[in-house]
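Thanks, everyone; I will take a few minutes to walk through one model, and I would ask you to keep the structure open while I talk.

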Amino acid sequence: MTCEVQTKFLVVGAGPAGLALASFLGQNGEHPYGKQRYHRRYPESYIFNPFAFECLRDIGIEDQGLQHAVRGRTLQTMRWARSMAGEEYGKVLGFSEHPSCIGHTHGITPSEYAELSQSELEPILLRYASHHSFHVRFSTELVDVAQFTDDTGKHEYICTIQDLISHGTWKIRTQYLFGADGARSNIARSLDFKFISKPSSGKACNVLLRADLAHLMSKERHAALHWFLKPDRTTFRAERPELVDAVRDLMGDDSVDIEILRVDSWAVHESVAEQYSLGGQNAFLLDDAAHLHPPAYGLGSNTCVQDAYNLAWKVAYVSKGLAGSRLLESYTKERQPVGAMLVQQSNKGLAAQVDVWQSVGMFESTPEDGSRQLAKLSQATPEGEASRAKVRNAMELVGEELQSWGAAHNQWYVSTAVYLADEEGSRPVLDGNPIVDVEISTYPGS
Ligand SMILES: Cc1cc2nc3c(=O)[nH]c(=O)nc-3n(C[C@H](O)[C@H](O)[C@H](O)COP(=O)(O)OP(=O)(O)OC[C@H]3O[C@@H](n4cnc5c(N)ncnc54)[C@H](O)[C@@H]3O)c2cc1C
């Protein structure tokens with residue numbers, strides 16, 4: 001006989017989105033049940049913005065986050081160089097160093113930018129959620145979802161769950177289903193959520209390695225992201241031992257001990273769900289399940305926390321009968337435009353990065369042509385000056401990403417959950433670049 005568990009809320013996925021949702025539901029006195037396939041085995045996100053920290057502050061765990069975060073002046077600064085030890089092509093200052101950004105936080109938020117790695121964030125959220133009655137089951141996978149409506153018109157989901165240790169299966173019947181199951185969301189696929197997508201613009205590969213690079217990390221080289229561009233050596237195979245040699249070459253030091261821990265490839269996506277919830281039903285997508293994009297702009301796990309913060313109180317109010325179910329429609333109305341902006345902007349950010357690579361000669365047809373293009377950068381000739389201007393302009397465009405306070409902050413909402421009837425005027429119009437400049441306003445929905 002197959003065992004069937006009954007619950008009101010089922011959260012599939014215990015990454016930042018699922019754990020944040022479980023935490024905020026817990027804050028609202030609701031007790032979700034969670035499924036998680038694997039523990040995280042490698043680091044991903046690390047940029048954590050003040051507006052996501054504000055959500056943690058609301059449940060009293062901001063300080064814990066800050067204790068595990070890297071805080072300081074080189075946060076988000078990007079540099080491009082021939083290798084870690086080699087010649088630097090240029091550097092763009094990030095939020096905490098750039099003159100136009102310093103001081104921004106004081107006007108708009110009590111919180112700060114910090115580097116809070118996803119692998120540090122998740123245990124903090126898990127602890128809070130578990131202490132608020134979140135029942136998480138690791139090593140279990142949702143393999144199927146069926147939906148049905150009972151005689152009273154109540155909509156429910158029956159999920160088939162596989163235990164990855166015993167290989168047994170069982171069912172969970174739930175009233176609310178949350179797809180926080182990441183980029184390959186089974187929930188999005190099974191429930192036929194529709195996506196607005198563009199073709200993939202390429203592939204990338206993450207190499208996680210262990211190496212002691214302390215001797216290379218002089219103060220001048222401090223940065224959050226280092227791009228090593230070698231136009232005279234444009235390709236290498238991501239296989240050992242060639243990969244170890246390639247990493248040493250990129251470090252500019254043949255003597256460094258390198259231990260390769262993982263190699264993961266991924267495709268660059270540009271895709272966002274049309275709706276984050278299904279009309280009239282209680283199925284919802286959060287974060288990577290709802291939008292796919294490159295990591296540029298570092299807003300992925302920040303939006304996890306913010307999607308969850310937006311959704312949790314609404315679900316809690318509706319489930320307790322304190323609000324009508326139409327309140328839940330405001331989740332898509334408010335959060336889908338944020339996801340759509342992020343997908344568009346992060347792909348634009350990647351394209352700006354590609355322009356830098358091209359300007360130093362990375363896309364020349366042969367390594368020799370790449371060398372020649374690179375050499376022009378040092379020439380005291382009009383051609384050299386033109387090449388340097390091209391590199392500088394390309395880096396300045398990337399700079400928009402590193403000063404994108406507006407993209408992180410200007411998330412205002414227009415929905416039936418925002419009460420405007422007693423407003424005398426309309427929302428003030430932002431004067432400036434909405435990605436960089438911030439609008440400080442107490443207009444409802446801000
Ligand atoms: C290299 C890199 C750098 C990044 N840097 C940043 C950054 O600096 N700042 C930032 O904000 N974001 C960054 N991101 C993006 C960020 O990592 C993601 O947006 C974030 O992890 C999405 O969280 P999630 O909870 O939606 O999905 P995930 O983190 O993918 O979590 C989903 C979870 O669901 C589980 N799961 C999946 N399917 C099932 C199933 N069927 N049953 C049970 N469990 C299931 C998975 O095991 C997984 O643990 C970066 C991403 C990458 C790749």
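Leu 142 stands opposite Ile 161 in β9, and since you are looking at a predicted model, please take what follows as a description of that prediction. The two strands concerned, β8 and β9, the latter covering residues 155-163, run antiparallel and are joined by nine bridges. Together β8 and β9 make a hairpin with five residues between them, and in that turn Gly 153 has a positive phi of about 90°.

β8, which spans 140-149, also takes us to the ligand, for it is one of the elements that each supply at least two residues of the surrounding shell, alongside α1 (16-27) and α8 (300-319). Which element gives the largest share of that shell? It is α8, with four residues. In total 34 residues surround the ligand, and the closest are Gly 13, Gly 15, Ser 45, Gly 182 and Gly 300. By character, the shell divides into 14 nonpolar, 13 polar and seven charged residues.

Turning to the interior, the largest nonpolar core has 90 residues, and among those with the most contacts inside it are Leu 10, Phe 178, Leu 285 and Ala 308. Leaving aside residues up to four places away in sequence, Ala 308 touches Ala 17, Ala 20, Leu 21, Phe 24 and Leu 286.

There is also an open sheet of three strands, in the order β11-β15-β17, with antiparallel pairing. Why is one side of β11 and of β17 left without a neighbour in the sheet? Because β11 (195-198) and β17 (291-292) stand at the edges, each has a single partner strand, and so one side of each remains without a neighbour there. Strand β15, residues 270-273, is joined to β17 by two bridges, the two running antiparallel, and Ser 271 has Leu 292 in β17 as its bridge partner. Helix α9, residues 329-359, packs on this sheet, touching β15 and β17, and its direction makes about 180° with that of β15.

Finally, a loop residue: Val 70 lies between α3 (62-67) and β4 (78-81). Is Val 70 buried or partly exposed? It counts as partly exposed, because it has 14 C-beta neighbours inside 10 Å. Val 70 and Glu 115 are 45 residues apart along the chain, yet their C-alpha atoms are separated by 4.9 Å; with residues up to four places away in sequence not counted, Val 70 touches Ala 114 and Glu 115.

Technical notes
Residues numbered from 1 in each chain as written. Predicted model: local features only at pLDDT ≥ 70, side-chain atom pairs only at ≥ 80, totals over all residues. Near = placed C-beta within 6 Å. Nonpolar A, V, L, I, M, F, W, Y, C, P; charged D, E, K, R; others polar. Core = buried A, V, L, I, M, F, W, Y, C linked by C-beta atoms within 7 Å. Buried ≥ 20, exposed ≤ 12 C-beta atoms within 10 Å, placed from the backbone. Contact = placed C-beta atoms within 7 Å. Pairing = 2+ DSSP bridges. Axes fitted to C-alpha atoms, helices over the stretch in contact; angles between N-to-C directions.
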